[in-house]
Amino acid sequence: MLELRKDIFADERDDNLKEIGKGTQRQDMLGHVTGTSTYFDDHKLQGMLHLKVVRSTHPHARLRRIDTSDAERSAGVRRIIRGSDVPRNLNTLLSLINFGKDDEPSLAVDKVRYKGEPIVAIVADSPREAYEAMAKVRIDYEPLPAVFDVEDALKPGAPVVNETYPKNAFIYHDVYDHQKLRFGDVERGLAAADHVLEQRYQMSPIEHAPTETNGSIAAPDTNGRYIVYTSTQALFFSLDTCAKILDVPSNTFHFIGGTVGGGFGGKVDTLTEPLAILGATLTGRPVRYVLGREEEMQFGSPRGAERIYIKDGVMRDGRIVARKIRALFDSGAYTRLSSYAAVKCAAHLPGPYTIPNVHGDVYCVFTNRTPATAMRGFGVTAMDFAIECQMDKLAHLVGMDPMEFRILNAYRDGDMKAHRREAKNCALIECVQVAAEKAKWPIREEFKRASSRKDGGGSRAAISPTPRESYAPATAPSQQRTTYDRAPAAAREPPPPPPPPPPRPQAPSHGAARFSSVFGTRRR
Amino acid sequence: MTRHRGRGIASINYPIGMNLGGDPSQALVHSNPSGKFTVALSSIDLGQGMKSVTRQICAETLGVPVEDVYVDTADSDTGPHCMGSFASRGTHRVGNAVMMAAREARGVMMEAAAEELEVNAADLETDGRGNIHVKGAPHRSISTKDVAIAAQFKQGKTISGRGIFLVPLSDVDPETGEMSPATCYAHACLVAEVEVDDETGEVAMVRMDSAYELGRALNPRLVEQQLVGGAWMGISHALYETPEPYYPDPSHGPRDFVEYLMPGPGDICPHDIAVLERPAADGPFGAKGPGEMCANPVLPAVANAIFNAVGVRVDELPITPERVLRAIKAQGGARPQARR
Amino acid sequence: MPVTVRTFASTGEAAAALSSDRGARYLGGGTLVMRALNEGDISISTIVRAHDHALTRVDATGSRVTIGAGVTFARILAERDLAFLHAAARSIGGPAVRNMGTVGGNLFASNPYGDFAVALLALDAVVSVQGGLGSRDVPIEEFLQTRERQTGTLALAVSFQKPASADAFRYRKIARIKPKGGSVITLAAHLPISSGRILSARIALGSMAATPIRARAAERALEGRTLDATTISAAAAAAVEGTSPADNALASGWYRREIVGVHLRRLLSGQE
Amino acid sequence: MAKTALQFRHNGRDVAIFVDGGTNLLAALRELIGDMTPKFGCGQGGCGACSVLIDGELHLSCLTLAETVAGRSVETLDSLKDGPNLHPLQRAFADNFAAQCGYCTPGMLMAAKALLDRNPQPSRTEVIEAISGNICRCTGYEPIINAVLAAASGGRARA
């Protein structure tokens, strides 16, 4: 049951609209209920071949030898694809926005870093023939010690998961093994608090489990182009990733998608398209590569696990005065998108509350498990779990009603957020009030009268003096601000001197500043 | 007495968009000669309702009925660039791009109509039913179909528009984390009521009450879909889901939908939802994005409700019967807290 | 190579085909064999089927019940004479799986599947099997413990004494997901009562070992006693004895050991 | 091994195809007959996206050996509509916004049809039981349950 509370914030809206605000039927509903909505796998092409992938049986191992000679002779096999067949067999998704280093092969060559990592692709006339050929691929593994716990992975002497990041942590700003958030003096805040509460939270990995598994069909088109039907939830992201990996101009591909059987973040990774296209290139035939359900569950990237430590200082009257958070994102064996989530998470601290001293360290850690990726609520869901469990404990600690405790600490218009942007357009207090009303949860009159539009700003707009840490970075990129958020001029520190130009990275076929049709060129 | 009821709450906010990567989306809108409009996107509809919500945005902006607009998604040859469907950016980013494109197309349409009606375009208005007429003189009117025919066959005008919404990339200060991660925030508060079996650790959902603030509910039925389905996913994350049941030990990963646990139709509970609308300055008609945040308050609200029911804190997800039972045993039995 | 499908008119021929071909598997409802094929199990090269009416016969009119191995769970749910088995049949899959899955197939379904076999174990069922050398009857306990070696044999039917009253047979599947979920623990109890006392109690447990097992200590605690609170407590306390539950995706062995007594107590005392 | 000839009724029409040994009905319907309404979701019998009616009974086409339907009648979602008119279940699913990504919808509708064909006035519990073999990841099931109940009551009420 959904009720629209038009009475709240009515003065900020014009509700005199014709189409907006109506519960109009979905454009795709007729297709859905008649089964005529067309998903990527609903394209029936003549002479279609089937691609299956031989996956690592070890979480961490050196590949001594890969023998595909028997598989090549197996009935119905059109082509065996090895890492050496992939034009640029090293990629990271966010290289398209110049974030992070290429660290993941399409097909493993010398080492596997998680159980299920693709090693050999087989293109055959039928799925059955592909399976038969898979059984004939012989791989000689030299098992290596594996690491599965994020804190173990950060310890000196831990097995190196991913040689691109030898300390098992993503490198931020070319300097740090984590993303920092520094706002005020958290140690002083904790020292002054009436109570200090430190807790540990652990979020599980989560599988997206869309009813349609990841997949794509690639087919040669006229004029040397390829048509690609895909389940991607980011069409140009996938297209450009394929252009990079296959080392061809992006207009080689005509990607068609758009009607997808659920994604929830699990269809951003471009898991199947590069190999499907490569298969079509090497055989001249349409090639279909669809993950099975067990493959999807175990080797399709999940939402990564997060381990979070929160240490809060709270006063007897319920005001939180300091919040210190250390979060470790389990990225699995490769970066994919976890590096980004960690930054987004840092910006989300300390949750929707105004706390004068906030300290955050967010790590993206490599372990020998299936690489993690985006999922609904990316970088935020686990942190919200931790923060809101912590809020309940703090309310209990100071003997306050948990609703009133949240209203007391909620951010209001004009407050300064820990990532140094002014809060505006806030509505947390009103949500708490309406939820209390709906649930018949009694809150006191003064909390019923609180408003996101009152009592913010002023001293709450200040950035408390923030001690600088001893470590000086080698480079510090200049700030680029948007028109949407502004930092108060007083809080701005003088810009650091321009950084020296970064060394030119090795790039076999593209320049260091590779042109991407999606994202253009930009300095890293 | 082995089953105890408890209530817990959580309140959250959620950032819209991904400014940290630069965040552009484009849209093209054009009319065919019968005055029907096509929106060309490369954006993806993975069930969230992208096609439907951008269709309403386009119709509202053009001033035509929603039936006169069709949204075509995700063809890289015809749809202009979009970053993709993630980060709750669809409604906000793509919606803005469509609005901009529709505004430009509307400008051409009004010019063409003005030429036909021999008035100034500024004196015209749309009636939202497929007609354009002179303000204050509804009888001086022309249908959008006739305008489109005139534009195409007589005036030589393209009734079309281009739209882009770009949030420039925000850099991040390495020392302080100063950044502009998003352009607006959605909000929510949720109350969960659970029943906990203190002999088995099983947790059953009893009901949920919630308030979500989304800027504007562009289509309340689509919003309801997101919030109801998203809260179900929140229950699922809170109590059931994991591809690594013994994390960080990677063994015993599920292989099928029997082993990968998600609540079935018999595990759901009544959910009463209120939607608040505090428009975002830069959102299309003030809208933010409801798609991702809806699950988030459920997880901690359920955990807090379990504490209220039996007095144990389970700080590890998912909150399996085993974890609840271990905590109850470690505590020496259930300790129900004050009823709320 | 595509799979070869061989269809026979009699179970004898089918059994011969099965025992002579290591790559042959018998196709019942398809929930095991077709799934294996879909997932790329290339050890299956031949599918064997039989159109023998004996396989789909249900004889439940007398005191001894015989159910053909090819009888589906939907069919059991349609048989009024088998009402005592309806809870067990309904606990298998969703409606489509119950329309397809068979009693015989369930005997071969490994954890977390195979709940119907737990009910049959509590009923002391006998499994009629046909191997290369002819047919014979195998007690279900022995059958389950040796089933890994039975893939070449064809199950024909199961038979057992019908419980004397509706109350004498109880079944419960503990699942995380409702109404269709995999087994955390499956319990079945057959409690024949004579002059107010339990005689020949049978308690069967699923998911408490590699295959369904009998809880013999719990059976002993019930034997010869009236079903009162003291007896139930004693049986519940003994439920875990002799079990060796494993960790899997649905629950850990620790958890199963902790709760098996709770659920047995609830089952025996008729609690929700 | 040669292909096997297979004849059956597909949505009221006789069809004849040649299948490889081991082909499942889902693949036969989609690849050989071109009926794309049943969907592949798992191939394991766990999601119900491929659900069809065989002689009026709900079956999982991915677990059905194609040649076992010889001479039988197979109905898919493609048969539900009567010309341009939606079936009451289709109408109720639309009215209740019971689909988001739409991928589970064909199987859900067939499961719901199997229920209503036998039990035109089901209780909520019976509806839940009837769709319990079908996974939906988007809707949280509530709108689907409401849709089936609405179709059962002739679309009169949102139960």
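# Exercises on cavities, cores and backbone geometry

The largest cavity is lined by 43 residues, and those nearest its centre are Ser85(B), Phe86(B), Ser88(B), Gly291(B) and Glu292(B). The model is predicted, so that local features need pLDDT of at least 70 and side-chain atom pairs count only at pLDDT 80 or more, while totals for chains, interfaces and linings use all residues. Residues are numbered from 1 along each chain as its sequence is written, chains are lettered from A in the order in which they are written, and side-chain values use heavy atoms, with hydrogens and water left out.

**Exercise 1.** Determine which elements give two or more residues to the lining of the largest cavity, and describe that lining by class.

*Solution.*
Step 1. A cavity is a set of points, on a 1 Å grid over the protein atoms alone, where a 1.4 Å probe fits but cannot get out; lining residues have an atom within 4 Å of a point.
Step 2. The structure holds twelve cavities of 30 Å³ or more, and the largest has a volume of about 690 Å³. A volume here is the space filled by probe spheres set on the points, which are joined across faces, edges and corners.
Step 3. Two or more lining residues come from each of helix 9 (338-348) of chain A and helix 1 (50-62), helix 2 (90-117) and helix 4 of chain B. Helices are DSSP runs (H or I, at least four residues) and strands likewise (E, at least two), numbered from the N terminus.
Step 4. Helix 4 of chain B gives the most, with three residues.
Step 5. The lining has 22 nonpolar, 16 polar and five charged residues. In this classification Ala, Val, Leu, Ile, Met, Phe, Trp, Tyr, Cys and Pro are nonpolar, Asp, Glu, Lys and Arg charged, and the others, Gly among them, polar.

**Exercise 2.** Describe the second largest cavity by volume and by lining.

*Solution.*
Step 1. About 320 Å³ of space lies in this cavity.
Step 2. Its lining has 21 residues, with Glu104(A), Pro105(A), Thr270(A), Leu271(A) and Arg336(A) closest to the centre.
Step 3. At least two lining residues are supplied by each of helix 6 (235-246) and helix 7 (273-283) of chain A.
Step 4. By class, eleven are nonpolar, six polar and four charged.

**Exercise 3.** Which residues of the largest nonpolar core touch the most other members?

*Solution.*
Step 1. A nonpolar core is a set of buried Ala, Val, Leu, Ile, Met, Phe, Trp, Tyr and Cys residues joined through side-chain atoms within 4.5 Å. Buried means under 20% relative accessible area, exposed over 50%, and partly exposed in between (1.4 Å probe, protein chains only).
Step 2. Ile67(C) and Leu85(C) touch the most other members of this core of 324 residues.
Step 3. Helix 2 of chain B provides the largest share of the core, 14 residues.

**Exercise 4.** Locate the cis peptide bonds at Pro248(B) and Pro179(C), and the positive phi values of His252(B) and Ser195(C).

*Solution.*
Step 1. Tyr247(B) and Pro248(B) are joined by a cis peptide bond with omega of about 5°. Pro248(B) is in the loop between helix 4 (220-239) and strand 11 (271-276) of chain B.
Step 2. His252(B), in the loop between helix 4 and strand 11 of chain B, is not a glycine but has a positive phi of about 65°. His252(B) is partly exposed, at 34% relative accessibility.
Step 3. The bond from Lys178(C) to Pro179(C) is cis, with omega near 0°. Pro179(C) is in the loop between strand 9 (169-175) and strand 10 (183-190) of chain C.
Step 4. Ser195(C) has a positive phi near 45° and a relative accessible area of 76%, which makes Ser195(C) exposed.

Notes:
1 Å grid on protein atoms, 1.4 Å probe; cavity = no way out; pocket = protein on both sides within 12 Å on 5 of 7 lines; lining within 4 Å.
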